[in-house]
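Hi,

Here is the structure I promised to pass on. Have a look at it first, and then read my notes below.

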Amino acid sequence: MTQNNEKLNLPNDRKSTIIENPSNLSLFRTSYSILNAWSRGNYSDAIDMFLKKEKELNSYLKDGIDFHKKWEYVINQTKQLPKELDRKETKLKNPKCELKLEIPINDHIEFVGVIDCLDEDILYEFKSGSMSSADYANGLQVDCYSYLLSMSGYNPTKGMYLHYDQYVSKTDKSLVYLTDNRRQKAKEWIEKQSESMYQYFIKNNLPLTSPKKLYIIEVAQ
Amino acid sequence: MLNPPPIVEQTMNQDNQIAIKYTDLEVIKNESGKVVLNHNAEKFLVELLNLKDKVEETIELCKGEIKRCMEELDDQLVSVNTDNLRIMNRVYGSKYKLDTELIEHLDKKFYTVKPTFYLNTKEVDEYIKTTDIIPTGISINNREKQVSISLKKSNDTK
């Protein structure tokens, strides 16, 4: 057994223990993007994403990656929101960009997420392109990340989708109150979608990634 | 003999929620048909329609207040999502408007012309009356009667 808080991005009052997967099952390691594609019936996309198949980058995806890198850089340098995402360039208190977290859902499924930015109790998701933040807010991304954060010892209360439409140079934002009720619904959604996808992989002998480890996260004494 | 109209109570409870007695609404529903036989039974329905107007008016006032608060907080905010509500503050409808009077100056790639058909009901009625035949291409809609009720405005003489 080893302790590895740094890798898991845990707050100081939490400690993690990595143990060998006792059931020796291959872990099904999934993310919101994969499960969202699966839940919408885009099975081929979901499987390709899971298997990390090389995807040709179109201009939209490339723009998205470039904007994310730029915004992460600006936040790390200035400790404030980038102008494209917030006209007021709001000052941040303790921003953590590209925060990668992972939690076990059960003995064979692991959920992983990379949060664009967490500042104290506010979770920010950055979006570019023409789809409005209100449309993203109809999805469950920040709810799933809220669940992921709460299971990792954080306590987010608000989720903000910050969207920049680079084609018309306009910004819009959507606020989601992150409640226990929403976290519970997100948890149930993750369990349902990931189990459904896992069963499909087993039935069709598709390869599972196999880190063969589990994390136990608890409050440090 | 008519029962006295039920009083629909609207009160603020301890959780600051508006409470309306559903049992009163059930009584109104059961009594409403009596207005057909006795016009004095209108009290039940007037009470209900006043309540509906008040609720709708209050919802509109809430929308105005929410819009003000959202824009005061952040004029780039377009939606707020809670456990049970999705609040949107965004523009609706077409982004652009076509000025048909200036259509000859407009490049044809910017618009599409679609024919519009209007049915001439008077001519169809006349044709069926004289021939007892429904013209090919016309069918009769299966229309059901619907009751409508509305409060008379004070200056409404109809």
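How many residues does each chain bring to the contact between chain A and chain B? Chain B puts in eleven, and chain A puts in 15. Keep in mind as you go through this that it is a predicted model. The predictor's scores for the complex are an ipTM of 0.79 and a pTM of 0.77.

On the side of chain B that touches chain A, strand β3 of chain B (residues 77–81) gives the most, with five residues. By class, that side of chain B holds four nonpolar, four polar and three charged residues.

The strands carry on across the chains here. Strand β8 of chain A (residues 170–177) is joined to β3(B) by four bridges, and the two run parallel. If you want a spot to zoom in on, take S174(A), which sits opposite S79(B) in β3(B).

Now follow β8(A) back into its own chain. Its partner there is strand β7 of chain A, and the two pair in the antiparallel sense over eight bridges. G159(A) faces V176(A) of β8(A) in that pairing. The hairpin they make has four residues between the strands, and S169(A) in it takes a positive phi near 50°.

β7(A) has another partner too: strand β6 of chain A (residues 122–128) pairs with β7(A) in the parallel sense, over seven bridges. Look for K127(A) opposite H163(A) of β7(A) to find your way in. Is β7(A) (residues 158–165) mostly covered or mostly open? Mostly covered: six of its eight residues are buried.

On to the helices of chain A, where α7 (residues 180–203) packs against α2 and α6.

- α2 with α7: helix α2 of chain A (residues 32–39) packs on α7(A) at an angle of about 75°, and their axes are 10 Å apart. An angle from 65 to 115 degrees counts as roughly perpendicular, so α2(A) and α7(A) are roughly perpendicular to each other. From α2(A) come L35(A), W38(A) and S39(A), and they meet I190(A), Q193(A), S194(A) and M197(A) of α7(A). That contact has four nonpolar residues, three polar ones and no charged ones.

- α6 with α7: helix α6 of chain A (residues 141–151) packs on α7(A) at about 100°, with 8 Å between the axes. α6(A) and α7(A) are therefore roughly perpendicular as well. The α6(A) side is D143(A), C144(A), S146(A), Y147(A) and S150(A), while α7(A) brings R182(A), R183(A), K185(A), A186(A), K187(A) and I190(A). Here the classes come out as four nonpolar, two polar and five charged.

I190(A) is worth clicking on, since α7(A) uses I190(A) in its contact with α2(A) and again in its contact with α6(A).

Last, chain B as a whole. It has three helices and four strands, in the order β-β-α-α-β-β-α from the N terminus. Of its 158 residues, 5% are buried. Among its contacts with a separation of 6 or more, 24% are between residues 24 or more positions apart. The pLDDT of chain B averages 86, and 84% of the residues score at least 70. Where pLDDT is low, the predicted coordinates should not be read in detail.

Cheers

Definitions and conventions. Residues numbered from 1 in each chain as written. Chains lettered and ligands numbered in written order. Predicted model: local features only at pLDDT ≥ 70, side-chain atom pairs only at ≥ 80, totals over all residues. Buried ≥ 20, exposed ≤ 12 C-beta atoms within 10 Å, placed from the backbone. Pairing = 2+ DSSP bridges. Contact = placed C-beta atoms within 7 Å. Nonpolar A, V, L, I, M, F, W, Y, C, P; charged D, E, K, R; others polar. Axes fitted to C-alpha atoms, helices over the stretch in contact; angles between N-to-C directions. Parallel < 35°, antiparallel > 145°, perpendicular 65-115°, else oblique. pLDDT = per-residue confidence, 0-100.
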